[in-house]
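Trainee: I would like to learn how to read the features of a structure like this one, starting from a single residue and working outwards. Could we go through it together?

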Amino acid sequence: MSRRTTTLAALSLALACSPPDPGAWRRVDLWQTVPRVQLSPFVNKRKVVFEAKIGYLGAQEVRDLSQVPESSFKVFPHQAAGQVRTLEQVAGSRLAFPLDLGREPYFAFTPLLDDQNPQPARFRVEVREGERSILVHESRPEGAPNPAPPLARVDLSPWAEKKVELILAVEPPEGSPWDPASVTRVRWASPAVYDRVPRPPARPPGPPNLILIGVDTLRADHVGAFREDGGSPLGPVSLTPAIDRLAAESDLWLDAVSAFNVTNPSFASILTGLYGKNHGVYDLKTPLPDAHTTLAEVLDGAGYDTLAVIAARHLGPHNSALGQGFDEVMLSNEHFAAELPVEAAMDWIAGRRQPFFLWLHLFDPHTPHTPPAPYALGQRPSAPVGLAAVPGWTPFRPPGPTPHEQPVLAGHRWLYAGEVAYLDRQVDRLLDSLGSRGLLESTVIALVSDHGENLGEHGVLHRHGGLWDTTTHVPLLIRKPGEKPTGSRHRGLVQSVDLFPTLLRLLGRPSPAQDGEDLYGLVAGGKGGRPAAFSEHASQLGVSVRTRAFRFMRSAGNPFVADGTYFYDLRTDPAEERNLAGQGHPEEARLAELLERWLQAKRPGPGQAAPSVLSPEDEARLRSLGYL
């Protein structure tokens, strides 16, 4: 046999043994699909039968108002659960959606009753092929609308690669009286059909894509990959199996420090590489001056498609001006539950052909803590599975429902952990969608948090006041393009402002003048990171300098931190519980002088940012989140 024949035979054998390409995941959003409507004779035909609207994952009101003082309720008008896309449907109606299914199809939704009028009803899903209709799912949600019930997943594999109609029907339970005078409505939350289709053609070689996942209020110690024990503060089980798997393929900076303890100023620093002293944004109503150059502006000028999905209204361009450089900004009118921005990101990415930049902001760990079941009940997926079915669930705390320990803000430490686990599941789905399209091989993925959260430490519960590690130590990772990259774990102080020049270098773009340093350069050759990291407090109520061994902090006018100076020896007091200020430690004087020199060394540039006037609606929203 000739060498050529042998080579061809070996290649044929290899191809025969390799698994077939499963294809790319496709998502058909029924929320954006017009159905054919069928009505029961009992339905008042003058009523709106169905409506696609933004609803709540659970109930709109998430607090037990019996625990909220009347005076507080007047200040905090409501606390909304995370928002999702919902199909609101009248009982007695049937909605038929034509589908041309691919491989491995399934239908997913969360069944929600109307929390204002929670009448009993049955959710029925049927598949019609030709003249034959088959019932494939039936459920009846019961009890309080919070937490939201688990996601329902309906297997459609018997109809793979066929044309069918998917029928959503709502009926009263058997034996229940039918009152034509009442209008019973239910909500199909996040209703979508998923299947696999052939992969799109590979994009011609070019600059990498960039996805920046900015998670709100996520502490580093709640991400398993950033802990020595791989678990969480609640025990040995990690809350974040999907992010942990991403971290195994990424470069991690284990000692990253945020430039701020609050959302808008922190993201202004991340997206410009500037400290607050140089960009001038210190609150939730001061827009970033146009003269500053953002990451999106640099990439937009380089021919990138750009999208920002912002899950909390107060971070929107009307307050922050962080829409600079984005072709499109998708913004919540309250705050999104993570599944909505992740699904919007999947849809947008599926339509891209040129290099793209996506800023994906996820709000969930912030109060109000309203994860759906089973995350709210103390369970998370046993393993990351992407868009496939969850094979089983693993407890991460004692099981069962948990009332809010902070009823005004609707917060609980266990529910905070549930929010982190729920968010991790949504990141898992996004990564699988990217992988199925071959985009992990051409996309830089960065994940960072804007700030942390106090969960009872320092006498502060569910507010991120103060500049301790609880509020400034954040997860930070970068996955570089490649089919199966391997990452590294780096020790040494770095800052969130360092992402800006690092990401631009990875994309082959020059960086404008700013305060960040290349993260890889900071740890190259055993440098061990920055000698010191600086953080500023919202509303200029404090400032901090942290070295590997010590922290020095000043506070003035802060309702959560008494006025004065604070000095901690992190070697013997990592929890920052013993203030040693004024006891003559020589390092205190050195850090006080260093901090003062840093504050005075301002970068020349645009004039001081000026705050805007909040609308009454935005002011009420910020009060309900504990910011005012």
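## From one loop residue to the whole fold

Mentor: Let us begin with V48, which sits in the loop that joins strand 2 (36-39) to strand 3 (50-56); please keep in mind throughout that this is a predicted model.

Trainee: Is V48 buried, partly exposed or exposed, and which residues is V48 in contact with?

Mentor: Accessibility is read against cut-offs, with buried meaning under 20% relative accessible area and exposed meaning over 50%. V48 has a relative accessible area of 47%, so it counts as partly exposed. When its neighbours within four places in sequence are set aside, V48 is in contact with V90 and R185. A related reading is the distance in space set beside the separation in sequence: V48 and E88 are 40 residues apart along the chain, and their C-alpha atoms are 9.6 Å apart.

Trainee: How should I read a helix, taking helix 9 as the case, and how many of its residues are buried?

Mentor: One can set the span of a helix beside the span expected from its number of residues. Helix 9 (residues 413-436) has 24 residues and reaches 35 Å from its first C-alpha to its last, which is close to the 34 Å expected at 1.5 Å a residue. Of those 24 residues, 20 are buried, and helix 9 is therefore largely enclosed by the rest of the structure. After helix 9 comes G438, with a positive phi near 75°.

Trainee: Which helix does D428 in helix 9 pair with through its salt bridge to R245?

Mentor: A salt bridge is assigned here when a side-chain nitrogen of Lys or Arg lies within 4 Å of a carboxyl oxygen of Asp or Glu. D428 and R245 meet this condition, with an N to O distance of 3.8 Å. Because D428 lies in helix 9 and R245 in helix 3 (residues 241-248), the pair ties together parts that are 183 residues apart in sequence. D428 is buried, with a relative accessible area of 4%, whereas R245 is partly exposed at 46% relative accessibility. Salt bridges can also share partners, and in this way R27, D29, R85, E343, D347 and R429 are joined into one network.

Trainee: What do the salt bridges of K53 and E126 look like?

Mentor: K53 pairs with E51, their closest N and O atoms being 3.8 Å apart; K53 is partly exposed at 25% relative accessibility, and E51 is partly exposed at 35%. E126 pairs with R94, and there the closest N and O atoms are 3.0 Å apart. Since E126 lies in strand 7 (residues 122-129) and R94 in strand 5 (residues 93-100), this pair ties together parts that are 32 residues apart in sequence. E126 counts as buried, at 7% relative accessibility. By this rule the count of salt bridges comes to 45.

Trainee: How many cavities of 30 Å³ or more does a search of the whole structure find?

Mentor: The search finds three. The second largest cavity has a volume of about 90 Å³ and is lined by 15 residues, with G82, D364, P368, T370 and E419 lying nearest its centre. By class, its lining has nine nonpolar, four polar and two charged residues.

Trainee: How many helices and strands does the protein have, and what share of its residues count as buried?

Mentor: The protein has 14 helices and 27 strands, and 58% of its 628 residues count as buried. Among contacts with a separation of 6 or more, 73% are between residues 24 or more positions apart.

Key. Residues numbered from 1 in each chain as written. Predicted model: local features only at pLDDT ≥ 70, side-chain atom pairs only at ≥ 80, totals over all residues. Heavy atoms only, no water. Helix = DSSP H or I, 4+ residues; strand = E, 2+ residues; numbered from the N terminus. Buried < 20%, exposed > 50% of the residue type's maximum accessible area, 1.4 Å probe, protein only. Contact = heavy atoms within 4.5 Å. 1 Å grid on protein atoms, 1.4 Å probe; cavity = no way out; pocket = protein on both sides within 12 Å on 5 of 7 lines; lining within 4 Å. Points joined across faces, edges and corners; volume = space filled by probe spheres on them. Nonpolar A, V, L, I, M, F, W, Y, C, P; charged D, E, K, R; others polar.
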